[in-house]
Amino acid sequence: MRERVELKENWRIKQGFGKEGTWISVGNFPAQIQDILFEHQMLPEKFLAGWCEDALFIGKNDWVYECRFEACPERKSRLVMEGLDTFVSIWLNGKLLGEHTDFYLPGEFETTGLLKKKNILKLCFQSCRQDCQTHNFDQTDVFFFDVMFLCMRMIYAKRILICR
């Protein structure tokens, strides 16, 4: 019998991949970074109107989503992600499951044998900044890309499932 478990609770985020940084709880998941920061009064109200220079730092930095959850380790399982925008590496219990670079395609990863009774899933979103520089976009292109990225929900994780 197949069982679907949606990971909607016990999420938190932080800026950067290092050990430093403050974790911020996520009230409703799925959620984009901008909405989480606004909910915690870390972005001004003018953010809701659309354009907000105070939010540009979001696209210039790396971000981590983390979820702690319990599972049945002995069962066959897959991690299914219906939307991750855009450059993200997926880690389960300290092991790299893989990377994903397309919001419009789902990501699926085999997790059989990797699940424990208590688990930590990390989604490490890389800033688009370096990719833009790699492809030699000029400053105008990078600026426009940042704005589009913010409008398109730059750092976003949609429905995350553990299928057993």
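**Entry 1: Glu-66**

I began with Glu-66, which I located in strand β4. The model I am reading is a predicted one. I then asked whether Glu-66 is buried or exposed. Its relative accessible area is 3%, so I entered Glu-66 as buried, the limit being under 20%.

I next looked up the polar contacts of this side chain. One runs from Glu-66 to the side chain of Arg-12, at 2.7 Å. Another joins the side chains of Glu-66 and Arg-68, at 3.3 Å.

Which residues does Glu-66 touch, once those up to four places away in sequence are set aside? I listed Asn-10, Trp-11, Arg-12, Trp-23, Ile-120, Leu-121 and Lys-122.

**Entry 2: Salt bridges**

I counted eight salt bridges in the model. I took three individual pairs in turn.

The first pair I recorded is Lys-46 with Asp-54, where the side chains meet at 3.6 Å, N to O. Asp-54 has a relative accessible area of 39% and is partly exposed.

The second is Glu-70 with Lys-118, at 3.9 Å, N to O. This pair links distant parts of the chain: Glu-70 lies in strand β4 (residues 63-70) and Lys-118 in strand β10 (residues 118-125), 48 residues apart. Are the two partners buried, partly exposed or exposed? I found Glu-70 partly exposed, at 48%, and Lys-118 exposed, at 62%. The threshold for exposed is over 50%, so Glu-70 at 48% remains in the partly exposed class.

The third is Glu-110 with Arg-78, at 2.9 Å, N to O. Here too the pair links distant parts of the chain, with Glu-110 in strand β9 (residues 107-110) and Arg-78 in strand β5 (residues 78-81), 32 residues apart. Both side chains belong to partly exposed residues: Glu-110 has a relative accessibility of 37%, and Arg-78 has 29%.

I then asked which residues are joined into one network by salt bridges that share partners. These are Arg-12, Glu-66, Arg-68 and Lys-122. The network thus includes Glu-66, the buried residue of my first entry.

**Entry 3: The sheet**

I looked up the secondary structure and noted four helices and twelve strands. Six of the strands form an open sheet with antiparallel pairing, in the order β3-β2-β4-β10-β7-β8. Why do I call β3 and β8 edge strands? Each has a single partner strand, so one side of each is left without a neighbour in the sheet. I located β8 at residues 95-100.

I went through several of the pairings. Between β2 and β3, which run antiparallel, I recorded two bridges. Arg-12 stands opposite Ser-25 in β3, and Arg-12 is also a member of the salt-bridge network.

How many bridges join β4 to β10? I noted eight, the two strands running antiparallel. Trp-63 stands opposite Phe-125 in β10.

For β7 and β10, also antiparallel, I noted five bridges. The bridge partner of Leu-92 in β10 is Leu-121. Leu-121 had already appeared among the residues that Glu-66 touches.

**Entry 4: The nonpolar core**

I turned to burial over the whole protein, where buried residues make up 41% of the 164 residues. In soluble globular proteins, nonpolar side chains tend to be buried together.

The largest nonpolar core has 32 residues, and I asked which of them touch the most other members. They are Trp-11, Ile-13, Tyr-65, Ile-90, Leu-121 and Leu-123. At least two residues of this core come from each of β2 (11-15), α1 (33-39), β4, β5, β7 (88-92) and β10. The largest share, four residues, is supplied by β4. Trp-11 and Leu-121 are also among the residues touched by Glu-66.

I also checked the sequence separation of contacts. Among those between residues at least 6 apart, 71% join residues at least 24 apart.

**Entry 5: Confidence**

Finally, I looked up the pLDDT values. The mean for the protein is 77, and 77% of its residues reach 70 or more. Where is confidence lowest, and where highest? The lowest mean, 30, belongs to helix α4 (residues 139-151), and the highest, 95, to strand β3 (residues 24-25). Over residues 137-156 the pLDDT is below 50, and I noted that this stretch has 50 contacts in the model beyond near neighbours in sequence.

Definitions and conventions
Residues are numbered from 1 along each chain as its sequence is written. This is a predicted model: local features need pLDDT of at least 70, side-chain atom pairs count only at pLDDT 80 or more; totals for chains, interfaces and linings use all residues. Side-chain values use heavy atoms; hydrogens and water are left out. A salt bridge is a side-chain nitrogen of Lys or Arg within 4 Å of a carboxyl oxygen of Asp or Glu. Buried means under 20% relative accessible area, exposed over 50%, partly exposed in between (1.4 Å probe, protein chains only). A polar contact is a pair of N or O atoms within 3.5 Å; within protein, one must be able to donate a hydrogen and the other to accept it, and residues adjacent in sequence count only if both atoms are side-chain atoms. Contact means heavy atoms within 4.5 Å. pLDDT is the predictor's confidence in each residue, from 0 to 100. A nonpolar core is a set of buried Ala, Val, Leu, Ile, Met, Phe, Trp, Tyr and Cys residues joined through side-chain atoms within 4.5 Å. Two strands pair if DSSP finds at least two bridges between them.
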